[in-house]
Amino acid sequence: DFEDATEFGVDDGEIFGMASSSTLRKSPMMPENAENEADALLQFTAEFSSRYGECHPVFFIGSLEGAFQEAFYGKARDRKLLAIYLHHDESVLANVFCSQMLCAESTVSYLSQNFITWAWDMTREANRARFLTLCTRHFGSVVAQTVRTQKTDQFPLFLIIMGKRSSNEVLNVIQGNTSVDELIMRLISAMEIFSAQQQEDIKE
């Protein structure tokens, strides 16, 4: 439940000294005004590894369009779902979500088998605005509005996207106040929808 998750997030932060001066000086996940998505993702991956360790999802290095190509446009049997991880350094849930859920072995292995994972950092306003523009372009204004209205402490967000011929469908928006079991369960349920569609596409 949300209140527990929030309290847990705060306690966890205190254990790890989240308020200490050393943490306040940590490097940003992305350059302040990230123009080149591939370079931004390289920095994101390096910073993520240095904070949370090497056991983490493989983040696609490249543009969001590149991630679409990789996930959606191969042969029907090779296609995957796209997971977009949206990070926010000022959320009390960020450390807990990354260290305990995103880096859990079960999450890492399920994502690597079934998903292409792309990431973006929403901490800085310019980067947030850039993602919202991409979001409107690729997923429509309703999804962009959903992301725009999330409060800082509802981050991190996980968007699960399925490629359709004419448009990309957002199957799920998972907020940061979740558990490993619930996260995996929601990934599996998205996978079931995707598999049914994939079987149809293979037949054609």
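**Close-up views of a predicted model**

S49 is buried, at 14% relative accessible area, where buried means under 20%, exposed over 50% and partly exposed in between (1.4 Å probe, protein chains only). The views below come from a predicted model, in which local features need pLDDT of at least 70, side-chain atom pairs count only at pLDDT 80 or more, and totals for chains, interfaces and linings use all residues. Residues are numbered from 1 along each chain as its sequence is written, and side-chain values use heavy atoms, with hydrogens and water left out.

**View 1. The protein chain as a whole.**
Let's start with the overall layout. The protein chain has 9 helices and 4 strands; helices (H or I, at least four residues) and strands (E, at least two) are DSSP runs, numbered from the N terminus. Following the sequence, you will meet them in the pattern α-α-α-α-β-α-α-β-α-α-β-β-α. Of the chain's 204 residues, 47% count as buried. Now look at contacts, meaning heavy atoms within 4.5 Å: among those between residues at least 6 apart in sequence, 68% join residues at least 24 apart.

**View 2. S49 sits in helix α3.**
This helix covers residues 37-52. What does S49 touch, leaving aside its neighbours within four places in sequence? Its contacts are E54 and H56.

**View 3. C98 and its surroundings in helix α5.**
Helix α5 spans residues 94-102, and C98 is found in it. Is C98 buried or exposed? It is buried, because its relative accessible area is 0%. Not counting residues up to four places away in sequence, C98 touches F48, Y52, Y85, H87 and C103. For one of these partners, H87, the C-alpha atom is separated from that of C98 by 9.1 Å, and the two residues are 11 apart along the chain.

**View 4. Cysteines without a disulfide.**
How many disulfides does the structure hold? The number is 0, with a disulfide taken as a pair of cysteine sulfur atoms within 2.5 Å. C98 is in no disulfide, and the nearest cysteine sulfur, that of C103, is 6.5 Å away. Why does C103 not bond to C55? The sulfur of C55 is the closest cysteine sulfur to that of C103, but the distance is 6.3 Å, which is too far for a bond. C103 also counts as buried, with 9% relative accessibility.

**View 5. M122 in a loop between a strand and a helix.**
The loop holding M122 runs between β2 (115-121) and α7 (125-139). M122 counts as buried, at 1% relative accessibility. Which residues surround it, leaving aside neighbours within four places in sequence? M122 is in contact with L86, H87, H88, R128, F131, V147 and F155. The C-alpha atoms of M122 and D89 are separated by 8.0 Å, with the two residues 33 apart along the chain.

**View 6. A cis peptide bond between F155 and P156.**
Here omega is about -5°. P156 lies in the loop between α8 (141-148) and β3 (157-163). F155, on the other side of this bond, is one of the contacts of M122.

**View 7. Helices α6 and α9 side by side.**
Two packed helices are described by the angle between their axes and the distance between the axes. The axes of α6 (residues 105-114) and α9 (residues 180-203) come within 10 Å and cross at roughly 15°; axes are lines fitted to C-alpha atoms, for helices over the stretch in contact, and angles run from 0 to 180 degrees between N-to-C directions. The two helices are therefore roughly parallel: angles under 35 degrees count as roughly parallel, over 145 as roughly antiparallel, 65 to 115 as roughly perpendicular and the rest as oblique. S106, T107, Y110, L111 and N114 of α6 meet V180, L183, I184, L187, I188 and M191 of α9. These contact residues divide into 8 nonpolar, 3 polar and no charged, where Ala, Val, Leu, Ile, Met, Phe, Trp, Tyr, Cys and Pro count as nonpolar, Asp, Glu, Lys and Arg as charged, and the others, Gly among them, as polar.

**View 8. Helices α4 and α7 at a slant.**
The axes of α4 (residues 64-72) and α7 come within 11 Å and cross at roughly 40°. α4 and α7 are therefore oblique to each other. L64, E65 and F68 of α4 make the contact with L134, R137, H138 and F139 of α7. By class, this contact has 4 nonpolar, 1 polar and 2 charged residues.

**View 9. S179, just outside helix α9.**
S179 lies in the loop between β4 (168-174) and α9. At 34% relative accessibility, S179 counts as partly exposed. Its C-alpha atom is separated by 8.7 Å from that of Q100, a residue 79 places away along the chain.
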